[in-house]
Amino acid sequence: MYTSRINVILCSHSAMNTKTSSEYNSKTLIVFAVIAACILTAALVFGLMNISSYSNRYHLQTASAIKDKNAANSSTNTIQLSAKEQKPGVYNWIDAGKGVPNPKLKVLANASNMIRIQNPTDTKHELIIDTGADVLPSSDDINPNSSGQLSFKPTMTGTFTYHCAYHPFTMRGTIQVVSGP
Ligand SMILES: [Cu+2]
């Protein structure tokens with residue numbers, strides 16, 4: 001591209017000497033026009049290269065953000081619990097999948113754990129994990145025919161108990177915190 005334009009400029013210069021003054025002026029204009037076109041083309045090419053390199057950097061950042069997001073999602077351990085009235089006035093937590101009453105729960109240390117709780121019963125419940133911390137992880141009140149959740153990110157492993165604030169003797173079990181996957 002540049003070579004052919006340089007040839008045009010050189011030809012114009014060699015031809016100039018034998019031409020009249022008006023032709024000389026028009027040739028000079030063409031030479032300047034060609035030089036200007038070359039400069040503009042170069043500026044445009046370098047500009048596009050810069051835009052494309054910025055664009056590549058931008059796409060790399062987007063890709064890593066998506067990857068981080070996926071990593072965060074895959075490390076969230078989700079447990080499904082439900083409250084159940086086993087006999088009139090006697091409630092248990094049950095494993096929403098297998099129906100096991102007051103199941104032994106297993107969560108991951110240094111990871112986001114989410115316990116989702118359904119309450120199809122006629123009274124409210126509140127799931128509390130007895131970690132010994134000043135503020136115990138809690139679902140807060142889950143009203144009848146409602147649902148709630150408890151987010152839990154333990155920093156150490158061990159076995160703890162969980163219970164319901166309103167039915168601490170019939171809605172209780174153990175929760176095991178194991179090291180991450
Ligand atoms: Cu309860």
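These exercises work through the strands, sheets and loops of a predicted model.

**Exercise 1. The overall layout**

Task: State how many helices and strands the protein has, and in which pattern they follow along the sequence.

Solution:
- Count the elements. The protein has 2 helices and 8 strands.
- Read along the sequence. The pattern is α-α-β-β-β-β-β-β-β-β.
- Look at burial. Of the 181 residues in the protein, 16% are buried.
- Look at contacts. Take those between residues at least 6 apart in sequence; 57% of them join residues at least 24 apart.

**Exercise 2. The sheet with strand 3**

Task: Find the order of the strands in the open sheet that holds strand 3, and say which strands stand at its edges.

Solution:
- Start with the order. This open sheet has 4 strands in the order 3-8-7-5, and the pairing is mixed.
- Now find the edges. Strand 3 (105-108) and strand 5 (127-130) each have a single partner strand, so one side of each is left without a neighbour in the sheet.
- Add the twist. From one strand to the next it averages 30 degrees.
- Walk across the sheet, pair by pair. Strand 3 and strand 8 are parallel, with 4 bridges. Strand 8 (residues 172-178) and strand 7 (residues 158-164) run antiparallel, joined by 6 bridges. Strand 7 and strand 5 are also antiparallel, with 4 bridges.

**Exercise 3. Partners across the strands**

Task: Name the bridge partner of Tyr-162 in strand 8, then the residue of which Tyr-162 stands opposite.

Solution:
- Go to strand 8. There, Gly-173 is the bridge partner of Tyr-162.
- Go to the other pairing. Ile-129 stands opposite Tyr-162 in strand 7.
- Try Gln-176 in strand 8 as well. Gln-176 is the bridge partner of Thr-159. Gln-176 is also the bridge partner of Lys-106.

**Exercise 4. The faces of strand 3**

Task: Sort the side chains of strand 3 by face, and say which are buried.

Solution:
- Recall the rule. In a regular strand, side chains alternate between the two faces of the sheet.
- Take one face. Leu-105 and Val-107 point to it, and both are buried.
- Take the other face. Lys-106 and Leu-108 point there and are not buried.

**Exercise 5. The other sheet**

Task: Give the strand order of the sheet that holds strand 1, and name its edge strands.

Solution:
- Write the order. This open sheet of 4 strands reads 2-1-4-6, with mixed pairing.
- Name the edges. Strand 2 (90-95) and strand 6 (146-152) pair on one side only.
- Add the angle. Neighbouring strands are turned by 25 degrees against each other on average, direction ignored.
- Check one pair. Strand 1 (residues 77-87) and strand 4 (residues 113-119) are parallel, with 6 bridges.
- Find a facing pair. Gln-80 stands opposite Arg-116 in strand 4.

**Exercise 6. Two positive phi values**

Task: Locate Asn-110 and Asp-140, and decide whether each is buried, partly exposed or exposed.

Solution:
- Recall the background. Most residues other than glycine have a negative phi.
- Take Asn-110. Its phi is positive, about 55 degrees, although Asn-110 is not a glycine. Asn-110 lies in the loop between strand 3 and strand 4.
- Take Asp-140. Its phi is also positive, near 60 degrees. Asp-140 is in the loop between strand 5 and strand 6.
- Apply the cut-off. A residue is exposed if 12 or fewer other C-beta atoms lie within 10 Å of its own, and buried if there are 20 or more.
- Decide. Asn-110 has 13 such atoms, so Asn-110 is partly exposed. Asp-140 has 12, so Asp-140 is exposed.

Conventions:
Residues numbered from 1 in each chain as written. Predicted model: local features only at pLDDT ≥ 70, side-chain atom pairs only at ≥ 80, totals over all residues. Pairing = 2+ DSSP bridges. Axes fitted to C-alpha atoms, helices over the stretch in contact; angles between N-to-C directions. Contact = placed C-beta atoms within 7 Å.
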